[in-house]
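Please open the structure in your viewer and keep the sequence panel beside it, so that you can select residues by number as the tour goes on.

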Amino acid sequence: MIGKLYERHVLPKVLDACCSTKPVNYQRNKIVPHAKGKILEIGIGSGINIPFYNKANVEKIYGLDPSEELNNIAQKKAINNNLEIDFLLNGAEEIPLPSNSMDTILITYTLCTIQDLESSLKEIKRVMKDDAVMLFCEHGIAPDAKVIKWQNRVNPLWGKLFGGCNINRNIPEIIQSSGFTLNSLDQMYLPSTPKIVGYNYWGKATI
Ligand SMILES: C[S@@+](CC[C@H](N)C(=O)[O-])C[C@H]1O[C@@H](n2cnc3c(N)ncnc32)[C@H](O)[C@@H]1O
């Protein structure tokens, strides 16, 4: 009972606040403006990326997320930012869009949370046009043994508090082992952010 109340009423606000820090938004600005054409944002959440889109590049945006509560927040942000988005209340395991139809997949701070990564990345590839790009910005496993030790220790509790988020996933390995080609990859610890959650990977991948 308390779990459901937390998930419905507290977690959406917690996620919205934790994912909107200055260093995280600085990261968003490196990636989101590159989205172009027909765009599918996977795990749009509370819509924190919405103000970062370059409207001149956008033909159409679909925002997919299984959380109704986060979707409601995102819808308000879309209206406030004058950006038309088709919201799809779904997980990435089944994307209700035709094959070969998207120019850009945008995914930020969501590969940490998706439970069934294998099915989801397969679905993402299915909806991508042959020359489409997947833009990603994610936190994940750190390069330092001491940090990794703490990431592994804290991960089970972290997931319970933050909607199933994992802090120790190897993002480049996940992307590559799903059959994507990594065209660019940058990584670093974000400033002013605890190291266990602050190691960021961002870049572009194609199929
Ligand atoms: C930490 S939030 C990040 C939200 C947003 N992408 C951002 O950058 O702020 C993780 C998001 O993943 C979403 N999510 C969880 N499971 C998912 C799934 N199977 N497919 C797509 N999104 C999922 C959650 O609802 C949540 O919005």
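## A walk through the chain

Begin by selecting Ala 56, which sits in the loop between strand 1 and strand 2 (58-64). Bear in mind from this first stop onwards that the model is a predicted one. Is Ala 56 buried or exposed? Ala 56 has 7 C-beta neighbours inside 10 Å and therefore counts as exposed, since a residue with 12 or fewer such neighbours is put in that class. Now add Gly 37 to the selection: although Ala 56 and Gly 37 are 19 residues apart along the chain, their C-alpha atoms are separated by 9.5 Å.

**The whole chain**

Next, zoom out and colour the model by secondary structure, where you can count seven helices and seven strands. If you follow the chain along its sequence, these elements come in the pattern α-α-β-β-α-β-β-α-β-α-α-β-α-β. The radius of gyration is 16 Å, close to the 17 Å that the globule rule gives for 207 residues, so the chain is as compact as a globular protein of that length. Along its principal axes, the C-alpha atoms fill a box of roughly 45 × 40 × 30 Å. Of the 207 residues, 38% count as buried. Among the contacts between residues at least 6 apart in sequence, 69% join residues that are at least 24 apart.

**The sheet**

Now hide everything except the strands, and look for an open sheet of seven strands in the order 3-2-1-4-5-7-6, with mixed pairing. At its edges are strand 3 (85-88) and strand 6 (181-189), each of which pairs on one side only. On average, and with direction ignored, neighbouring strands of this sheet are turned by 15 degrees against each other.

Select strand 4 (102-108), a mostly covered strand in which six of the seven residues are buried. Strand 1 and strand 4 run parallel and are joined by four bridges, and here you can find Glu 41 opposite Leu 106 in strand 4. Strand 4 also pairs with strand 5 in the parallel sense, over six bridges, and in this pairing Ile 107 stands opposite Phe 136 in strand 5.

Move on to strand 5 (residues 128-139), which pairs with strand 7 (residues 199-206) in the antiparallel sense over six bridges. If you show the side chains there, you will find Cys 137 opposite Trp 202 in strand 7. Then bring back helix 4 (residues 117-127), which lies across strand 1 (37-42), strand 4 and strand 5, and runs at about 140 degrees to strand 5.

How many of the nine residues of strand 6 are buried? The number is zero, so strand 6 lies largely in the open. Strand 6 and strand 7 pair in the antiparallel sense over eight bridges, with Leu 185 opposite Gly 203 in strand 7.

**Two loop residues with positive phi**

The next two stops concern the backbone angle phi. Most residues other than glycine have a negative phi. Select Asn 82, in the loop between helix 3 (68-80) and strand 3, which has a positive phi of about 60 degrees although it is not a glycine. Asn 82 is exposed, because 8 other C-beta atoms lie within 10 Å.

Then select Ser 192, which you will find in the loop between strand 6 and helix 7 (195-198). Ser 192 has a positive phi of about 50 degrees, although it is not a glycine. Ser 192 counts as exposed because it has 8 C-beta neighbours inside 10 Å.

**A proline in helix 2**

Keep Ser 192 in view and add Pro 23, which lies in helix 2 (residues 22-31). Which residues does Pro 23 touch, not counting those up to four places away in sequence? Pro 23 touches Leu 190, Pro 191, Ser 192 and Thr 193. Pro 23 is partly exposed, because it has 13 other C-beta atoms within 10 Å. Now select Gln 176 as well: Pro 23 and Gln 176 are 153 residues apart in sequence, and their C-alpha atoms are 26 Å apart in space.

**The ligand**

For the last stop, select the ligand and display the 23 residues that surround it, the closest being Gly 43, Gly 45, Gly 91, Ala 92 and Thr 108. If you colour this shell by class, you should find 10 nonpolar, 11 polar and two charged residues.

How values were computed: Residues are numbered from 1 along each chain as its sequence is written. This is a predicted model: local features need pLDDT of at least 70, side-chain atom pairs count only at pLDDT 80 or more; totals for chains, interfaces and linings use all residues. A residue is near a molecule or strand if its C-beta atom, placed from the backbone, lies within 6 Å of it. Ala, Val, Leu, Ile, Met, Phe, Trp, Tyr, Cys and Pro count as nonpolar, Asp, Glu, Lys and Arg as charged, and the others, Gly among them, as polar. The radius of gyration is taken over C-alpha atoms; the globule rule is 2.2 Å times the number of residues to the power 0.38. A residue is buried if 20 or more other C-beta atoms lie within 10 Å of its own, exposed if 12 or fewer, and partly exposed in between; C-beta atoms are placed from the backbone. Two residues are in contact if their C-beta atoms, placed from the backbone, lie within 7 Å. Two strands pair if DSSP finds at least two bridges between them. Axes are lines fitted to C-alpha atoms, for helices over the stretch in contact, and angles run from 0 to 180 degrees between N-to-C directions.
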